[in-house]
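Let's take a walk through the empty spaces of a protein, then stop at a pair of rings and a single arginine. Keep the structure open as you read.

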Amino acid sequence: MMRGAGQSPIIVLSQGTKRESGHQVQVGNINACKTIADVIRTSLGPRAMLKMLMDPMGGIVMTNDGNAILREITVKHPAAKSMIEIARTQDEETGDGTTSVIILAGEVMAHAQTYLEQKTHPTLIIQAYRQALEDMIQWAEKKFSRDVDTSDDAEIAKVVRSCLGTKMISKWMDLAVNISIEAVKTIRVEKAGVREIDIKRYCRIEKIPGGRIEDSQVIKGVVLNKDILHAKMRRRIENPRIVLLDCNLEYKKGESQTSLEIMREEDISAILEQEEQAIRKQCDEIIALKPDLVFTEKGISDLAQHFLLKAGITCLRRLKKTDNNRLSRVCGARIVHDTSDLRDEDVGTQAELFEVVKIADEYYTYVTSEKTTACTVVLRGPSKDVINEVERNLQDSLHVVRNVMINPKLVPGGGALEMALSREIEEQGAKMDGVKKWPYKAIGLALEVIPRTLIQNCGGSTIRKMTELRAIHAQDAKNWTFGVDGVTGDLVDMNKLEIWDPLAVRLQVLKTAIETSVMLLRIDDIVSGTKKAVGGEKQEMMPH
């Protein structure tokens, strides 16, 4: 409310609106971020705890993947919502480091609180944070990273191992490493000198409960959870000719409501004949190309099935669009939208084998080829929950392989990079002057949260180990690869343990965590209930 000299109050905001502003908002945001970070904190490192989440429908998710945990949690506070968003960003961009990014963002926010209480203006804190981020990116790229040879599988395997070491699948490490490397190599395509690795589109993970985890494998080609339409169709074809369709093989019904008035008996049979001719025409157009297999995304009527069976063609219907795209990569066919457009060059001939296999109680169709650029990872396992967790772990490792192939630089894991950067920031901060140096140095302290949490999660003595680690890094600039062994809690050189992360992942962690903190620190006002209150007032104003 505002009062002029001797005037009545002017109401600016409508009545149902809540407004918080200034220091109170920032403290609230910081606490929300801390809370989210505390939920996730125990899920970092090889000794990570799993979280069990239940949704209202009674489904359960058991995982230690930061993104998966936060996706399932429902939160009300707006700042907490943006924290959850950053885990998603991290997951989509690099596939790994989701837990670290949340913990780091929470810590960076917590360090800002001290300065806000000392009445430092948020803009100054933000400038210092931005400066620190730029410096860290430069140091990480120039000083604290090493190149990796992407043609050497053993080198890439080391990176994947360090990614999977913290996951549930680490017991089947070799299997998982081989699967991820083989899958990414299969879908790697070079177009006009640019490497394209599209995991989402061309690497599908098919989960089949039952069997042992050791039975999981990469299939070079496509696996579909489908069976053939008719028992007499062939179930195994070598070097098949494949036609891919995106249209119905059945009589087209009228677009809008069509009414037929039939006066004579012969008219009924004429209409039926017309339907049959339309379908026969479609089937003849397909049969003319002599394919062995027909896949369509839509339906196939019984009549069409009969004609195709007589011509010795196996057909499958109602494929997903994504599966059809993968099939076209495997067999080289073009997806045709109308049978009258079929040409000889649309037929795919690159597939080497088509086979329908019964696994457990279901039928699966395999279309495979050695030279394909699409693949399917078949996961087996004792229960749905286990397979789901293995799938999440594999997604992470596939992304890690992709990141290394695209940006072949590595940084040490186990909190070593964070400690090295922390020391650099400490040194740089000492040379600065003015108010900004304190928040600048605070970023260095915030980075220590990663090694500290690793020590905590394996039950080590935090204060003693952290002091030792700081000392090691301060003694000699060559010690930048020293970090925490997440299993025992000891301080080890990461060269010995061979724990390396892709540079892209760690840079994204730093960028996302600091950028988000900056964004949340800039909020000084939360006005809630802006829209709903208006509706409420309208109802009150209605005459009763």
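Below come the pockets, the cavity, an aromatic pair and one arginine. Bear in mind that this is a predicted model.

**Open spaces**

Rolling a probe the size of a water molecule over the atoms shows where empty space is left. Start with the largest pocket, which holds about 670 Å³ of space. Its lining is made of 23 residues, and Asp91, Lys200, Glu391, Gln395 and His399 are the ones nearest the centre. If you want to find this pocket by its secondary structure, look for helix H2 (66–72), helix H3 (78–93), helix H8 (199–202), strand S7 (203–209) and helix H12 (384–406), each of which puts at least two residues into the lining. H12 has the largest share, with seven residues. As for chemistry, 14 of the lining residues are charged, with five nonpolar and four polar ones alongside.

Next up is the second largest pocket, with about 550 Å³ of space. It is lined by 36 residues, and those closest to its centre are Gly45, Ser162, Cys163, Thr166 and Asp501. Helix H4 (98–117), helix H6 (153–164) and helix H15 (449–457) are the elements that give two or more residues to this lining. H6 gives the most, with four residues. By class, the lining of the second largest pocket splits into 15 polar, 11 charged and 10 nonpolar residues.

**A closed space**

How many cavities of 30 Å³ or more does the model have? The count comes to one. The largest cavity has a volume of about 30 Å³. Around the cavity sit Ile169, Leu175, Ala176, Ile179, Ile213, Ser216, Leu379, Val390 and Leu394. Helix H7 (173–187) and H12 each supply at least two residues of this lining, and the largest share, three residues, comes from H7. H12 is worth a second look, as it also provides seven residues to the lining of the largest pocket. The cavity lining has eight nonpolar residues, one polar and no charged.

Here are the three spaces again, in brief:

| Space | Volume | Lining by class |
|---|---|---|
| Largest pocket | about 670 Å³ | five nonpolar, four polar, 14 charged residues |
| Second largest pocket | about 550 Å³ | 10 nonpolar, 15 polar, 11 charged residues |
| Largest cavity | about 30 Å³ | eight nonpolar, one polar, no charged residues |

**A pair of rings**

Now for the aromatics: the structure holds one aromatic pair. Phe144 and Trp480 make up this pair, which is tilted, with 5.6 Å centre to centre and 45 degrees between the planes. The two residues are 336 apart in sequence, so to speak at distant parts of the chain: Phe144 lies in the loop between helix H5 (122–142) and strand S4 (146–147), while Trp480 lies in the loop between helix H16 (462–475) and strand S19 (482–484). Both Phe144 and Trp480 are buried.

**One arginine**

Last stop: Arg423, in helix H13 (residues 416–431). Is this residue buried or exposed? Arg423 counts as buried because its relative accessible area is 18%, under the 20% cut-off. The Arg423 side chain reaches the backbone oxygen of His473 at 3.0 Å. Leaving aside residues up to four places away in sequence, Arg423 touches His473, Ala474 and Ala477.

Definitions and conventions. Residues are numbered from 1 along each chain as its sequence is written. This is a predicted model: local features need pLDDT of at least 70, side-chain atom pairs count only at pLDDT 80 or more; totals for chains, interfaces and linings use all residues. Side-chain values use heavy atoms; hydrogens and water are left out. Buried means under 20% relative accessible area, exposed over 50%, partly exposed in between (1.4 Å probe, protein chains only). A polar contact is a pair of N or O atoms within 3.5 Å; within protein, one must be able to donate a hydrogen and the other to accept it, and residues adjacent in sequence count only if both atoms are side-chain atoms. Contact means heavy atoms within 4.5 Å. On a 1 Å grid over the protein atoms alone, a cavity is a set of points where a 1.4 Å probe fits but cannot get out, and a pocket is an open set with protein on both sides within 12 Å along at least five of seven lines; lining residues have an atom within 4 Å of a point. Grid points are joined across faces, edges and corners, and a volume is the space filled by probe spheres set on the points. Ala, Val, Leu, Ile, Met, Phe, Trp, Tyr, Cys and Pro count as nonpolar, Asp, Glu, Lys and Arg as charged, and the others, Gly among them, as polar. Rings of Phe, Tyr and Trp (its six-membered ring) pair if their centres lie within 6.5 Å; planes under 30 degrees apart count as stacked, over 60 as edge-to-face and the rest as tilted.
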